[in-house]
Amino acid sequence: PTPTAAPDHIVDNVDDVAAANQRELLTSAQARWQANRPLSYSFRYTLQCECDQGPWQVVVDADGASTSTLVFDETRIATAPYLSVEDIFEDIENALNTGDFPVEIDYGSDLGLPHTYIFNGPELASDGGFVLVVTQFIADPADAQAANRQEFQAAVERWQQAAISAYDFTFERICFCPIEYIGPYEASALNGEVIAATLDGIDVFDVDTITIEAYGDLVLTVEAIFAEVDRAIDEASSYTVEYDPELGFPSTVFIDWNELIADEESDYTITEFLEQ
């Protein structure tokens with residue numbers, strides 16, 4: 001049988017219900033955002049469209065002033081299409097008010113933040129369609145960075161006060177690489193340099209699958225890991241670190257330098273630490 005098109009009034013009713021549902025979701029998300037909005041925040045997003053896709057990094061300060069940069073081309077002067085979460089909300093509201101469909105949004109359950117905003121379907125990019133995806137949101141980034149820096153400085157001070165110049169430790173690296181580069185290594189350090197390292201009881205210089213010029217090519221000292229964390233506080237997309245409560249050295253570190261690039265993370269652990 002030949003398919004019969006749905007009557008216009010049925011199509012209109014379906015669109016009306018979809019619009020009503022989206023407006024209800026929007027109102028609820030805006031209320032959550034207004035109630036829980038941080039004083040300052042940053043977010044990163046990408047756009048799939050016939051436009052400047054970014055990814056864009058946007059920072060909104062406590063006074064509402066906004067700055068934006070292209071993540072992979074920070075030297076280029078350009079303005080992001082959306083300079084705040086409020087801008088995204090406003091665009092969604094305008095689309096619903098003018099009856100431009102389809103519109104699909106995934107709102108966060110806590111802040112109401114639009115994590116994904118699809119307008120007119122990605123296959124219709126030539127007709128103004130796009131997909132916006134928020135890939136990172138940080139509330140009060142300056143405050144968080146200040147707290148992380150304070151914790152880091154306190155750990156460094158504990159390490160310096162311990163005045164340990166020679167120590168043995170086990171070092172392990174998690175990475176997308178051969179097992180020889182992962183370890184674990186039994187190592188010794190003196191005055192900030194690795195002076196010995198073994199893998200499964202074999203000196204790493206005698207392991208045929210490894211070509212190195214110094215032990216430090218494979219094993220990081222406490223001081224070197226501190227330097228990695230120091231840089232991560234200012235430059236990484238995200239990171240976590242656990243400091244030894246007594247001596248302060250970073251015992252577990254994970255750094256994602258750029259969340260848009262796969263397999264570039266840094267992941268280190270120090271165990272079996274013993275002062276010589």
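Which residues is Val219 in contact with, leaving aside its neighbours within four places in sequence? I looked this up in the predicted model, and I noted Phe169, Phe171, Arg173, Tyr185, Ala187, Val194 and Ala197 as the residues that Val219 contacts beyond that window.

**Entry 1, the nonpolar cores.** I then turned to the largest nonpolar core, which holds 40 residues, and I found Val219 listed with Trp159, Phe169, Phe171, Val229 and Phe273 as the residues that touch the most other members. I traced where this core comes from and wrote down helix 3 (141-162), helix 5 (222-235), strand 7 (166-173), strand 8 (185-190), strand 9 (193-199), strand 11 (238-243), strand 12 (250-256) and strand 13 (266-275) as the elements that each give two or more residues to it. Helix 5 supplies the largest share, six residues. I also recorded a second, separate core of 30 residues, which includes Tyr41, Tyr45, Cys49 and Tyr82.

**Entry 2, aromatic pairs.** I counted 19 aromatic pairs in the model. I looked at Trp33 and Tyr41, whose rings are edge-to-face, with 5.3 Å centre to centre and 85° between the planes. Trp33 is buried, at a relative accessible area of 0%, and Tyr41 is likewise buried at 0% relative accessibility. I next took Phe89 and Tyr107, which form a stacked pair with 6.4 Å centre to centre and 20° between the planes. Because Phe89 lies in helix 2 (residues 85-97) and Tyr107 in strand 4 (residues 103-107), this pair ties together parts that are 18 residues apart in sequence. Phe89 is buried with a relative accessible area of 3%, and Tyr107, at 13% relative accessibility, also counts as buried.

I checked how Trp33 and Tyr41 are placed among other rings, and I found them in one aromatic cluster together with Phe43, Tyr45, Tyr82 and Phe137. Of these cluster members, Tyr41, Tyr45 and Tyr82 are names I had already entered for the second core.

**Entry 3, salt bridges.** I counted five salt bridges. In one of them the side chains of Arg37 and Glu86 meet at 3.0 Å, N to O. This pair links distant parts of the chain, since Arg37 sits in the loop between helix 1 (8-36) and strand 1 (41-48) while Glu86 belongs to helix 2, 49 residues apart. Arg37 is partly exposed at 27% relative accessibility, and Glu86 is partly exposed at 28%.

I went on to Arg149 and Asp230, whose side chains form a salt bridge at 2.4 Å, N to O. Arg149 lies in helix 3 and Asp230 in helix 5, so the pair ties together parts that are 81 residues apart in sequence. Asp230 has a relative accessible area of 31% and is therefore partly exposed. I noted further that Arg149 and Asp230 are linked with Asp234 in a network of salt bridges.

**Entry 4, Arg231.** Where does Arg231 lie in relation to Trp257? I found Arg231 over the face of Trp257, at 3.9 Å from the ring centre. Arg231 also forms a salt bridge with Glu235, in which the closest N and O atoms are 3.2 Å apart. Both residues lie in helix 5, four residues apart, which is about one turn of the helix. With 36% relative accessibility, I entered Arg231 as partly exposed.

Notes
Residues are numbered from 1 along each chain as its sequence is written. This is a predicted model: local features need pLDDT of at least 70, side-chain atom pairs count only at pLDDT 80 or more; totals for chains, interfaces and linings use all residues. Side-chain values use heavy atoms; hydrogens and water are left out. A nonpolar core is a set of buried Ala, Val, Leu, Ile, Met, Phe, Trp, Tyr and Cys residues joined through side-chain atoms within 4.5 Å. Buried means under 20% relative accessible area, exposed over 50%, partly exposed in between (1.4 Å probe, protein chains only). Contact means heavy atoms within 4.5 Å. Rings of Phe, Tyr and Trp (its six-membered ring) pair if their centres lie within 6.5 Å; planes under 30 degrees apart count as stacked, over 60 as edge-to-face and the rest as tilted. A charge sits over a ring if NZ of Lys or CZ of Arg is within 6 Å of the ring centre and within 35 degrees of the ring normal. A salt bridge is a side-chain nitrogen of Lys or Arg within 4 Å of a carboxyl oxygen of Asp or Glu.
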